[in-house]
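This briefing goes through one model by topic, moving from a single residue to the contact between chains and the core. Please keep the sequence and the coordinates at hand while reading.

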Amino acid sequence: MSSDADTVVKTIVAPASAGVAPASGSPLARLAGLRWGDYLGVAPFLVFAVLFLIVPTAWLVIGAFQARDGSFTLQNLIDLGTPQIISSFWISIRVSVASAVMGAIAGLILALAVIRGRLPEGIRSAVLTFSGVASQFAGIPLAFAFIATLGRLGLVTVGLRLVGFDIYRAGFNLLSFWGLTLTYCYFQIPLMVLIIAPAIDGLKREWSEAAATLGATPIQFWRYVGLPVLWPNLLGTLSLLFANAFGAIATAYALTGSSLNIVPILLYAQIRGDVLNNPGLGAALALGMIVIAALANIVYLVIRTRAERWLK
Amino acid sequence: MTRAKFWSWVIFILGALYFLGPLLATVQFSLSIRRTGYSLDAYTNVLQSPAFQQTFTYSLLVGVAAIIVGLLIVVPAAYFVRLRAPQLRPIIEFVTLLPLIIPPIILVFGYIRLYNSSSILPLTNSDWGTNILLTLAYVALALPYMYRAVDTGLRTIDVQTLTEAANILGASTPTILIRVIFPNIIVAALSGAFLTLAIVIGEFTIASLLNRQAFGVYMQNVGANRAFEPAALAVISFVITWAAMGAIQLLARFAPKTQRI
C-alpha cells in the first residue's frame, strides 16, 4: 500500500540527498584495480557534465567580471546597484522566503497530521502520491490553474462575490506578491511533505511512549523531543524550498507577465533583448542568482548531512 | 474521537481544499466556454489546433531523445562507479546535484553565450544544432532524477555476479551492459524516463530562450491570448503529470530483484 507511494517519494526526493549517500566500495574494484575501460565508461558522463553544466555556468561567472573589450572589471557588479535590479532581487528573495516558510510550515503540519494523526489507512499513501504529482506540477499550467481559481473571473473569486465578499476589492490581487506566494505554495507544500515524511517516520513511537510514561504532555514531547529532532531537517528543507522558488520563472511569467519584476524575469528579458543595454550586466545578474541559489543549497546539504544522524 | 485525531482531520480537509480547489476550479473553468451550460469546446479547440499538435509532438520527441541520451551517458557511468570505480562516486554525485543548484535560466543563458554563432561549437546557428542543444539541456535538467533511478535499479540487482557470469561466458563489456545489465534495470530506467518526460514536456524557459516551438512556449502563447483554452491545457498537463507518476508507481511492482545467497 504505502510502499507504492514511497516509491514516488524516493524517485523525486532522493536526488536531494545524493550528496550525502555513503560511498560503498565494491570488493571487485579493490581486487582488480582500475582499467582504462572503466574510465571510458564514465567519460561520456563527465564530458557531458563539463560541456553542458560546468563550462556554461563558469562562462557566465567569468563574463560577470569582463568589460565590453574583454578586460577585467568589477564595474558590472557595481552596476547591479540600480534601483530596478535591487528591487527585483528584493522581491525575489521576499517571494522565495515567504513561499518557503509558508510551504515548510503547512507541509510539516500536513505531514504530521497524515502520518501521526491516526487517520484511516490509505490517506497517507494518497497524500504522498498526490504530493509526488503536485510537486512536479509547476510552470505554465500551474499559473493557468490559479487564474481559473483566484483570477478576476476565477471560481473562488466569483463564488465569494456571490456571497457578498469581493476579494479584489478587499485588496487581493493574484498578480502580486501574495498571489505569487500563494501559487508557489502549491508545489512548495507537497515538496515539503515528500522531504519531511521520512524524517517524521524516523520519530520512533517509543520516544513519545517513553515521554508519556515519564509524564510528559504532548506539547512537552514536541517541545523537547520531536521538534529538536526534526529541526535540522526543517531548516535544511527550508533552504531547499527557497532555492526552488528562487530559480522558478515560468509560473511567474505566465501569471504576471512582466508586471512583477522578480530576478529570473528580469534576466529573461535581458537575454531576450538586452534590456539592461549591457551584456556584462546580464552576466552579473546571473552571477547574483548563482551565488544565492548555491548558498541556499549548500546550507541545505550541510544541515542535511548533520541531520542524517537522527534517521539512522 | 480524540482531540488529536479531530485536528488531524481538520488539517487534512484544509489541505484537500487548497489542493483540490484549484483543480476543480480549472476543470469547471475549462468547461465554461459557452455562455450557458458546460461544453468540451475548449478541449476540442486545443486538441484540434495544428499548433498544439505540432508543439506537443515536438516536445514529446525532444523528451524521448533526452531520455535516450540520458540513459546512454548515465547507465555506463553508474555501472562503472558501482562496480569498479567507487572512488569516482563523490564526483559523479556532485555533478548530479548541479542541475538542482543551477537554475534552468542560468543554464540556458550560459548555453546561449557559449554556443552562439561566433563560438567554436556554434550550435545555435542551425535549426538542428539548436534542437540538439535543447535536448542536451533537458538531459541536464533530468540528470539528478535519471542517475538516481538507474543507481537505485543497480542496487537491487547483483551487478558483480551478473558481470562475472557474463565475463566467464565470454561477453565483452558493451555486451554485458546492453544484454545483461540494462534488461535488469529497465524498470528503474523507465521510472527515470517517465519523470524526465513529466519535467520536460511543458518546459518553458529553456525552449523559449532557444526559440523552439515547444509545448511550453505554445501554452504560454495561448495563455496570453485566450481565456478558456489555458484552463483546458492546465487540465491536460495535470493528467499527463499524473499519468507519468502513476506509471512510475505501477512499474515499481514489476522491478526484478536478484537474490543474494
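In which helix of chain A does A:Leu155 lie? A:Leu155 lies in helix H8 of chain A, which covers residues 155–162. The model is a predicted one, and the points below start from this residue before turning to chain B, to the contact between chains A and B, and to the largest nonpolar core.

**A:Leu155 and its surroundings**

- A:Leu155 counts as buried because 20 other C-beta atoms lie within 10 Å, and 20 or more is the cut-off for that class.
- When neighbours within four places in sequence are left aside, A:Leu155 is in contact with A:Ala148 and A:Thr149 in chain A, and with B:Ala25, B:Gln28 and B:Phe29 in chain B.
- From A:Leu155 to A:Gly236 the separation is 81 residues in sequence, and their C-alpha atoms are 36 Å apart in space.

**Chain B**

- Chain B has 11 helices and 0 strands, so that its pattern, read along the sequence under the DSSP-based assignment of helices and strands, is α-α-α-α-α-α-α-α-α-α-α.
- Taken along the principal axes, the box filled by the C-alpha atoms of chain B is roughly 75 × 70 × 30 Å.
- Of the 261 residues in chain B, 50% are buried.
- Among the contacts in chain B between residues at least 6 apart in sequence, 74% join residues that are at least 24 apart.

**The contact between chains A and B**

- On the two sides of this contact, 85 residues of chain B meet 76 residues of chain A.
- Helix H1 of chain B (residues 3–30) supplies the largest share of the chain B side, with 15 residues.
- Sorted by class, the side of chain B that touches chain A consists of 60 nonpolar, 18 polar and 7 charged residues.

**The largest nonpolar core**

- The largest nonpolar core has 175 residues, and those touching the most other members are A:Phe144, A:Leu267, A:Ala286, B:Val74, B:Ala137, B:Ala142 and B:Val150.
- Helix H6 of chain B (residues 127–156) gives the most to this core, contributing 16 residues.
- Within chain B, domain 1 (1–30) and domain 2 (42–252) each provide at least three residues of the core.
- A:Leu267, one of the residues that touch the most other core members, touches A:Gly282, A:Leu285, A:Ala286 and A:Met289 as well as B:Ile105 and B:Phe109, when residues up to four places away in sequence are not counted.

Note on methods. Residues are numbered from 1 along each chain as its sequence is written. Chains are lettered from A and ligands numbered from 1 in the order in which they are written. This is a predicted model: local features need pLDDT of at least 70, side-chain atom pairs count only at pLDDT 80 or more; totals for chains, interfaces and linings use all residues. A nonpolar core is a set of buried Ala, Val, Leu, Ile, Met, Phe, Trp, Tyr and Cys residues joined through C-beta atoms within 7 Å. A residue is buried if 20 or more other C-beta atoms lie within 10 Å of its own, exposed if 12 or fewer, and partly exposed in between; C-beta atoms are placed from the backbone. Helices (H or I, at least four residues) and strands (E, at least two) are DSSP runs, numbered from the N terminus. Domain bounds come from an automatic or database domain assignment. Two residues are in contact if their C-beta atoms, placed from the backbone, lie within 7 Å. Ala, Val, Leu, Ile, Met, Phe, Trp, Tyr, Cys and Pro count as nonpolar, Asp, Glu, Lys and Arg as charged, and the others, Gly among them, as polar.
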